Amino acid sequence: YDAISAGMESRETWQLYAESLAYAGHLTKAESALKSLIDHYPASPASFFLLAKIYLIWGESDKAEQALTKAFSAGGNDDETLYQLGSLRLKQGSIPRAIELFKSYVDRHPDDPEGLERYAIALMDAGIKLKDVQELFFGQGGNQTTQGNGGLLWHFAVLPAAKAALWTDLE
């Protein structure tokens, strides 16, 4: 598809068209439309994010990460995609990359217990002991609470079970 030949001369119209294809389940057509849109409007974070989501659905994490990197480079911000890519990398066993992605997510959302939990699981998969992970989040002693993260203490109490459940959810 070519944006100009299709009569869609505005980036916004073309983006809406690609989104409607994707949400209707026509992912291959949406991918084609997004690639055409990106050819015409290279600095389109929303297009890169949607392309990354399509690649995540297909399980193509390398392509998803490339699209995500381009989206962030173009000034975009889509934490859901970042979180999903971190989860996919964790499932694939790419622990160092999952740690980087979840750290980036947690830096943006320091009070999100689920994001912190996934980050902690990735750290534990890298061989860091639970006690050391707790100290990373809570400081010396590992059980001190700071404003905004009281719910996180509960997550750490059930972290081993959460880790097992995570692997079941990702399968």
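1. Start with glutamine 92 and its partners further off in the chain. Setting aside residues within four places in sequence, glutamine 92 is in contact with Gly59 and Ser61. Keep in mind as you look that this is a predicted model. With serine 61 there is a side-chain link as well: a polar contact of 2.9 Å joins glutamine 92 to it. As for glycine 59, its C-alpha atom sits 9.9 Å from that of glutamine 92, and the two residues are 33 apart along the chain.

2. Where does glutamine 92 sit? You'll find it in helix α5, which covers residues 79-92. Its relative accessible area is 39%, so glutamine 92 goes down as partly exposed: buried would need a value under 20%, and exposed one over 50%.

3. Now step back to the whole chain. The secondary structure comes to 10 helices and 0 strands, so if you're hunting for a sheet, you can stop, because strands would have shown up as DSSP runs of E. Read along the sequence, the pattern is α-α-α-α-α-α-α-α-α-α. Of the 171 residues in the protein chain, 43% are buried. What share of the contacts between residues at least 6 apart in sequence join residues at least 24 apart? That share is 50%.

4. Next, have a look at serine 47 in helix α3, residues 45-58. Is serine 47 buried or exposed? Its relative accessible area is 0%, so it is buried. Beyond its neighbours within four places in sequence, serine 47 is in contact with Gln15, Leu34, Leu37 and Ile38. With glutamine 15 the side chains also make a polar contact, at 2.5 Å.

5. The other end of that polar contact deserves a point of its own. Glutamine 15 is found in helix α1. With a relative accessible area of 8%, it is under the 20% cut-off and therefore counts as buried. Leaving out residues up to four places away in sequence, glutamine 15 touches Leu34, Leu37, Ser44, Ala46, Ser47 and Leu50. Compare that with the list for serine 47, where Leu34 and Leu37 are also named.

6. Helix α3 has helix α2 (residues 27-40) as one of its packing partners: their axes come within 10 Å and cross at roughly 150°. Why call them roughly antiparallel? Angles over 145 degrees fall in that class, so α2 and α3 are roughly antiparallel to each other. The crossing of α2 past α3 is left-handed. On the α2 side, the residues that meet α3 are Leu27, Thr28, Ala30, Glu31, Leu34, Lys35, Leu37 and Ile38. Facing them in α3 are Ser47, Phe48, Leu50, Leu51, Ile54, Tyr55, Ile57 and Trp58.

7. Helix α4 (residues 61-73) also packs against α3, with axes that come within 8 Å and cross at roughly 165°. That makes α3 and α4 roughly antiparallel to each other too. Again the crossing is left-handed as α3 passes α4. From α3, the contact uses Pro45, Phe48, Phe49, Leu51, Ala52, Tyr55 and Leu56. From α4 come Lys63, Ala64, Ala67, Leu68, Lys70, Ala71 and Phe72.

8. On to the rings. How many aromatic pairs does a search of the whole structure find? It finds 4. One of them is tryptophan 14 with tyrosine 17: the ring centres are 5.3 Å apart and the planes stand at 35°, so this pair is tilted. The two residues are 3 apart in helix α1 (residues 11-23), which means about one helical turn separates them. Their exposure isn't alike: tryptophan 14 is buried, at 0% relative accessible area, whereas tyrosine 17 is partly exposed, at 23%.

9. A further aromatic pair, tyrosine 83 with tyrosine 105, is tilted as well, with 5.1 Å centre to centre and 55° between the planes. This pair links distant parts of the chain, since tyrosine 83 is in helix α5 and tyrosine 105 in helix α6 (residues 95-108), 22 residues apart. Both rings belong to buried residues: tyrosine 83 has 17% relative accessibility and tyrosine 105 has 9%. Along with Phe102, Tyr83 and Tyr105 form one aromatic cluster.

How values were computed
Residues are numbered from 1 along each chain as its sequence is written. This is a predicted model: local features need pLDDT of at least 70, side-chain atom pairs count only at pLDDT 80 or more; totals for chains, interfaces and linings use all residues. Side-chain values use heavy atoms; hydrogens and water are left out. Helices (H or I, at least four residues) and strands (E, at least two) are DSSP runs, numbered from the N terminus. Buried means under 20% relative accessible area, exposed over 50%, partly exposed in between (1.4 Å probe, protein chains only). Contact means heavy atoms within 4.5 Å. A polar contact is a pair of N or O atoms within 3.5 Å; within protein, one must be able to donate a hydrogen and the other to accept it, and residues adjacent in sequence count only if both atoms are side-chain atoms. Rings of Phe, Tyr and Trp (its six-membered ring) pair if their centres lie within 6.5 Å; planes under 30 degrees apart count as stacked, over 60 as edge-to-face and the rest as tilted. Axes are lines fitted to C-alpha atoms, for helices over the stretch in contact, and angles run from 0 to 180 degrees between N-to-C directions. Angles under 35 degrees count as roughly parallel, over 145 as roughly antiparallel, 65 to 115 as roughly perpendicular and the rest as oblique. A crossing is left-handed if the near helix is turned anticlockwise from the far one by less than a right angle, and right-handed if clockwise.
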